[in-house]
Amino acid sequence: MQHSLISALLVGAAVTTACVPPTDTLSNTITTQFGILIQNPAFPTIHDRYMNLLPAGGGDQHLFLSPVANPTFKLVLNAGALAQGIIHAVIGGEYSEVDNTTKMFMTERDEPKAIFQPVYGCDPDTDQVQIQLEFVTWETEPAGGHICVRVASGNRGYEFRYSPPDNPAFDPTNPCMAVTMVVVSTAAPTTTSSSTSISVTTSTSASATTSSSPLPYTDMTAKGFAFVGCAPEERHATDAPGRTLSGALYADDLMTDGKCMDFCTSKGYTYAGSEWTRECWCGNTVAPGRQPATTVASLANCNFKCGGDATQWCGGDSWLSLYKACPVGGPCVNAVFT
Ligand SMILES: *[C@@H]1O[C@H](CO)[C@@H](O)[C@H](O)[C@H]1NC(C)=O
């Protein structure tokens, strides 16, 4: 609660300093190479991530939100068409009836291009003027559609999709969240506004159950759980297949480590692990071969913030932020990382 209040205050303060975007019309050809930062502060799990490329068949590239896939800062805009080398962004394929959206990806083929117009806007975090790519059209589609992101099938990350104007369809179980696409030349340093707000919120935090840690994990000892480490899922392991914690699963876009522990405790499990910003896995044993390392470096794999609290860490891409319930009345100490 305190966190959202402070965020609201920060946003409010930013608005009163009034970023005034220039009104001149920008060219729809940008030859200086750039990357795309994605913004939508209403959805912390997607806000301030980058549009990455994932190689597909035939030279095509899928588009995914970071940290999935490969960062790029080699995009250009050719008469409104987003391009990198010989491939360009198109819309088509994988139409989804449930939410009436269509996938955007990059290909060399002559398929209907997504057309964008650069416009000035204001950064919702820093209130600096920024250049955004406003979606204009896709082939013969009427104006007024937008680009959104939603969880891709197989939970592989967030993919990019086109949503038509006044789209009547909506999938509450996997909403396609509208994005602002910002032209940036390089990735921001890791200490950006979000990490600044961590220190602000920590000092005034109303929560008695968490505190910040200099290492990328959430100290939950006040809640009776000790952090064990960043544990691999099957994809990063060489042992027998299966989940690292195979007891119960709970998913929530507004996941926090505390919610995960409450859930696992209610189901009678002693291990709780958060993953991919929004998943919570429970178990009474950790699968053999999945014990986390105790090096500081190993924690880098669990660098996703929790969807419900950006001051907390919720695993990574097939990595669990792993916690174990402390013995009642006994010591509760996090693992030591060296
Ligand atoms: C998809 O959106 C278009 C544009 O709003 C609308 O005309 C059409 O009926 C929608 N289709 C479905 C299946 O919702």
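Which backbone oxygen lies 2.7 Å from a polar atom of the side chain of Asn40? It's the one on Ala178. Keep in mind that this is a predicted model. Here's a quick tour: the overall make-up, the nonpolar cores, two polar residues inside the fold, and three of the disulfides.

**The overall picture**

- The protein has 338 residues, and 46% of them are buried.
- Its secondary structure comes to three helices and 20 strands.
- Take the contacts between residues at least 6 apart in sequence: 65% of those join residues at least 24 apart.
- The accessible surface adds up to about 15,800 Å², and carbon and sulfur atoms hold 58% of that.

**Nonpolar cores**

- In soluble globular proteins, nonpolar side chains tend to end up buried together.
- Here, the largest nonpolar core has 38 residues, with Leu82, Met104, Phe116, Ile147 and Met181 making the most contacts inside it.
- Strand β1 gives the most to this core, putting in four residues.
- Another core, of 21 residues, lies apart from that one, and its members include Tyr217, Phe227, Cys280 and Trp319.

**Asn40, a buried loop residue**

- You'll find Asn40 in the loop between β1 (30–39) and β2 (49–55).
- Asn40 has a relative accessible area of 14%, so with the buried cut-off at under 20%, Asn40 counts as buried.
- Leaving aside residues up to four places away in sequence, Asn40 touches Ile46, His47 and Ala178.
- Ala178 also supplies the backbone oxygen 2.7 Å from a polar atom of the Asn40 side chain.

**Ser274 and its neighbours**

- Ser274 is in strand β16, which spans residues 271–275.
- With a relative accessible area of 1%, Ser274 is buried.
- Its contacts, not counting residues up to four places away in sequence, are Asp257, Cys260, Glu279, Trp313, Cys314, Gly315, Trp319, Leu320 and Ser321.
- Two of those names turn up elsewhere in this briefing: Trp319 belongs to the core of 21 residues, and Cys260 is half of a disulfide.

**Disulfides**

- A disulfide is a covalent bond between the sulfur atoms of two cysteines.
- The count for this model comes to seven disulfides.
- One of them joins Cys148 to Cys176, with an S to S distance of 2.1 Å.
- That pair links distant parts of the chain, 28 residues apart: Cys148 is in strand β10 (residues 146–151), while Cys176 is in the loop between β11 (158–163) and β12 (177–178).
- The Cys148 and Cys176 link is right-handed, with 90° about the S-S bond.
- Both ends are tucked away: Cys148 is buried at 0% relative accessibility, and Cys176 is buried at 17%.

**Two disulfides between α3 and β17**

- Cys260 and Cys280 form a disulfide with their sulfur atoms 2.1 Å apart.
- Cys260 lies in helix α3 (residues 257–266) and Cys280 in strand β17 (residues 279–283), so this bond ties together parts that are 20 residues apart in sequence.
- The torsion about the S-S bond of Cys260 and Cys280 is about 80°, which means this disulfide is right-handed.
- A disulfide also joins Cys264 to Cys282, at 2.0 Å from S to S.
- Cys264 lies in helix α3 and Cys282 in strand β17, so this pair ties together parts 18 residues apart in sequence.
- For Cys264 and Cys282 the torsion about the S-S bond is about -80°, so that disulfide is left-handed.
- As for burial, Cys260 and Cys280 are both buried, and so are Cys264 and Cys282.

Methods. Residues are numbered from 1 along each chain as its sequence is written. This is a predicted model: local features need pLDDT of at least 70, side-chain atom pairs count only at pLDDT 80 or more; totals for chains, interfaces and linings use all residues. Side-chain values use heavy atoms; hydrogens and water are left out. Buried means under 20% relative accessible area, exposed over 50%, partly exposed in between (1.4 Å probe, protein chains only). A polar contact is a pair of N or O atoms within 3.5 Å; within protein, one must be able to donate a hydrogen and the other to accept it, and residues adjacent in sequence count only if both atoms are side-chain atoms. Contact means heavy atoms within 4.5 Å. A nonpolar core is a set of buried Ala, Val, Leu, Ile, Met, Phe, Trp, Tyr and Cys residues joined through side-chain atoms within 4.5 Å. Accessible areas come from the Shrake-Rupley method with a 1.4 Å probe; for residues, only the protein chains shown count as cover. A disulfide is a pair of cysteine sulfur atoms within 2.5 Å.
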